Amino acid sequence: MMPDESPRRPSAIRMLVFMFLPAIVFLGLVETVVRFTGVAETCLPTRHAADSFWACDPLLYFKNNPDLKVMGKSLNEAGFRGREFSPKKPGVFRVIALGDSSTFGLTESDEGFYVREPYPRLLEHMLGQVHGPARVEVLNAGSIGYNSYQGLLLLRTKLRSLKPDLVTVRFGWNDHLMSSSGRDEGAFRDATNPI
């Protein structure tokens, strides 16, 4: 080195790359392990595991059992009662009815445990009479046993892409019973402390 030459300093970009490269590699390895092992898709054993109404859901603790038959009809592909959740058509006013078993249509009736027409279907019929049946759709996103915390998570995750114009919300006894029972089970422990 010549007496008047100073040592070269690495560029700022090079320093940033070498500073963050180990963290990026580490996070990539963690993501690969989680995806490969399926650990993010497993559920803890719960009291809902052997019930005919529910199936495991790693995010929401449980969900409507996709094999459930309601008055001889299967649930839709998304796991809810009623029509399939398809992309929103132009000019259609879309309502999502978010709620618990009352929204789903589970109650003791003369015909068994289910009402023939849950209120989202009746709401769609009423709105269709006023605005035209092709201009309004009401999607039943009722989940048996859900509380408002689970409903909020459901809306923010699995229902987000449906682009509703209006969301109706009906949660009742599940919030009251689960949050006041002192349970520390999954989503129920957060029923009084939503996001």
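Tyrosine 114 is buried, because its relative accessible area of 11% falls under the 20% limit. The model is predicted. Tyrosine 114 belongs to strand β7, residues 112–114.

**The pair at tyrosine 114**

Which residue pairs with tyrosine 114? Phenylalanine 104 does, and the pair is tilted. The ring centres lie 6.3 Å apart, with 55 degrees between the planes. Phenylalanine 104 sits in helix α2, residues 101–104, so the pair ties together parts ten residues apart in sequence. Phenylalanine 104 is buried, at 0% relative accessible area. Its ring also has a charged neighbour: arginine 81 lies over the face of phenylalanine 104, 6.0 Å from the ring centre.

**The wider set of rings**

The count of aromatic pairs comes to six. One of them joins tyrosine 61 and phenylalanine 62. The planes of these two rings stand at 70 degrees, so the pair is edge-to-face. Their centres are 5.8 Å apart. Tyrosine 61 is buried, with 17% relative accessible area. Phenylalanine 62 is buried too, at 1%.

Ring pairs also build a cluster. Its members are Phe53, Trp54, Tyr61, Phe62 and Tyr146.

The two pairs described above are set out here.

| Pair | Centre to centre | Angle between planes | Geometry |
|---|---|---|---|
| Tyrosine 61 and phenylalanine 62 | 5.8 Å | 70 degrees | edge-to-face |
| Phenylalanine 104 and tyrosine 114 | 6.3 Å | 55 degrees | tilted |

Why is the first row edge-to-face? Its planes are at 70 degrees, and the class takes angles over 60.

Technical notes: Residues numbered from 1 in each chain as written. Predicted model: local features only at pLDDT ≥ 70, side-chain atom pairs only at ≥ 80, totals over all residues. Heavy atoms only, no water. Phe/Tyr/Trp six-rings, centres within 6.5 Å; stacked < 30°, edge-to-face > 60°. Buried < 20%, exposed > 50% of the residue type's maximum accessible area, 1.4 Å probe, protein only. Helix = DSSP H or I, 4+ residues; strand = E, 2+ residues; numbered from the N terminus. Lys NZ or Arg CZ within 6 Å of the ring centre and 35° of its normal.
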